[in-house]
Amino acid sequence: VTQSPAVVTVGPLMPDLVTALEERYAACPLEALDPTGDGSGAGVRVAVTTGRTGVRADTLDRLPDLGAVVHFGVGHDRTDLEALAARGVVASTTPDVLTDCVADTAVGLVIDVMRRLSAADRFVRRGEWARPGGGSYAFPLTRKVSGARVGILGLGRIGKAVAVRLEAFGCAVSYTGSGAQSGVDLPYVADLAELAREVDVLVLTCALTDRTRGAVDATVLDALGPDGFLVNVARGAVVDEAAMVAALEGGRLGGAGLDVFADEPQVPAALLERDDVVLLPHLASGTVETRAAMRDLVLANVASFLDDGTLVTPLG
Ligand code: 8YV
């Protein structure tokens with residue numbers, strides 16, 4: 001029986017992170033470890049994963065010596081934290097380093113979906129601008145971003161960074177979540193549907209939890225209404241996707257800017273043909289600068305845990 005490495009990877013990771021983990025710890029993918037389930041996962045102390053894969057209880061069964069789950073990203077909804085806690089396994093994420101880029105992307109989606117920039121780009125590429133009878137009035141009018149009323153679901157680090165940015169656009173920002181936050185000078189609206197009714201655009205920056213799963217349902221979408229827009233940089237499952245498609249098709253929702261989907265990389269087919277949606281491939285944290293910082297923080301967490309059993313950015 002060959003000796004297991006101290007570190008395994010669970011799910012796809014950024015290539016230069018994989019290389020660093022291989023070089024430093026001879027890390028290998030979980031699947032390469034224990035093909036027969038005979039316990040050869042013994043000796044593994046750290047599992048490195050992303051919010052898209054996570055570590056579930058059945059994986060823990062295969063790694064009896066696991067002490068830490070290190071996430072590349074802030075989302076950890078696919079990791080079974082209760083099962084981890086029951087075994088004394090700790091977990092880390094990469095907070096702060098991705099806040100700017102995710103907030104930038106949320107603002108980009110707000111502008112894109114309200115001003116229809118991506119749709120206008122397709123209009124130009126199709127040659128419709130230059131078409132006889134086309135001209136500058138052929139593309140439909142859009143909605144004004146500056147001064148718009150913005151609601152934020154989940155005013156954590158990222159939600160606050162979105163608020164700061166949109167306040168610079170003269171937007172009136174209010175928020176909802178698990179309670180009004182002390183020290184926050186923005187109106188808190190306890191009920192999500194009520195918030196949706198009051199705003200022009202609802203931005204989702206919350207964690208996916210039992211409380212937020214499916215929270216943006218038909219009632220909330222109808223409250224947002226035909227002149228309202230939804231922007232999601234959180235998790236696809238926060239939205240009832242079928243209800244969102246139905247609302248768009250029924251002309252009951254103005255548009256949606258989406259970086260995340262319930263079943264990535266699948267995107268509901270009905271959305272692909274629509275110009276009132278902006279569809280991104282879960283890229284919000286995906287800049288050279290931020291991904292390098294996330295990689296370095298993952299490596300720092302792994303090194304720290306193997307060194308003295310502590311994490312640099314522990315959860316909870
Ligand atoms: C990453 C994310 O793209 O931080 C998160 O929760 O979803 C993103 O930053 C992802 O974790 C990497 O796959």
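Trainee: Where does Asp96 lie, and what makes its phi angle notable?
Mentor: Asp96 lies in the loop between β5 and α5 (99–115), where helices (H or I, at least four residues) and strands (E, at least two) are DSSP runs numbered from the N terminus. Its phi is near 70 degrees, which is a positive value in a residue other than glycine. The model is a predicted one, in which local features need pLDDT of at least 70 and side-chain atom pairs count only at pLDDT 80 or more, while totals for chains, interfaces and linings use all residues. Residues are numbered from 1 along each chain as its sequence is written.

Trainee: What makes the peptide bond between Glu264 and Pro265 a special case, and where is Pro265 placed?
Mentor: The bond that joins Glu264 and Pro265 is cis, with omega at about 5 degrees, and Pro265 sits in the loop between β10 and α11 (269–272).

Trainee: Why are β2 and β5 called edge strands?
Mentor: Two strands pair if DSSP finds at least two bridges between them, and the open sheet of 5 strands, paired in parallel, has the order β2-β1-β3-β4-β5. In that order β2 (28–29) and β5 (90–92) each have a single partner strand, so one side of each is left without a neighbour in the sheet, and they stand at the edges.

Trainee: How do you know that β3 and β4 pair, and which helices pack on this sheet?
Mentor: Strand β3 (residues 46–50) is joined to strand β4 (residues 68–72) by 5 bridges, the two running parallel, and because the criterion asks for at least two bridges, they count as paired. Within this pairing, Thr49 stands opposite His71 in β4. Helix α1 (residues 15–25) packs on the sheet, where it touches β1 (7–10), β3 and β4, and its direction makes about 160 degrees with that of β1; axes are lines fitted to C-alpha atoms, for helices over the stretch in contact, and angles run from 0 to 180 degrees between N-to-C directions. Helix α12 (residues 288–308) also packs on the sheet, touching β1, β3, β4 and β5, with its direction at about 170 degrees to that of β4.

Trainee: What is the strand order in the sheet of 6 strands, and which strands form its edges?
Mentor: The order in this open sheet is β7-β6-β8-β9-β10-β11, with parallel pairing. The edges are β7 (172–176) and β11 (277–279), each of which pairs on one side only. Neighbouring strands are turned against each other by 15 degrees on average, direction ignored. Between strand β10 (residues 255–258) and β11 there are 3 bridges in the parallel sense, and Ala256 has Val277 in β11 as its bridge partner.

Trainee: How do you know where the domains are, and how many residues touch across them?
Mentor: The bounds come from an automatic or database domain assignment, which gives domain 1 (7–97 + 289–308) and domain 2 (99–279). Their C-alpha centres lie 32 Å apart. Contact requires C-beta atoms, placed from the backbone, within 7 Å, and 6 residues of domain 1 are in contact with 7 residues of domain 2. The side of domain 1 that touches domain 2 has 1 nonpolar, 2 polar and 3 charged residues; Ala, Val, Leu, Ile, Met, Phe, Trp, Tyr, Cys and Pro count as nonpolar, Asp, Glu, Lys and Arg as charged, and the others, Gly among them, as polar.

Trainee: What makes a residue part of the shell around the ligand, and how does the shell divide by class?
Mentor: A residue is near the ligand if its C-beta atom, placed from the backbone, lies within 6 Å of it. The residues surrounding the ligand include Arg52, Phe72, Val74, His282 and Ser285, and the shell divides into 3 nonpolar, 6 polar and 1 charged.

Terms used. Contact = placed C-beta atoms within 7 Å.
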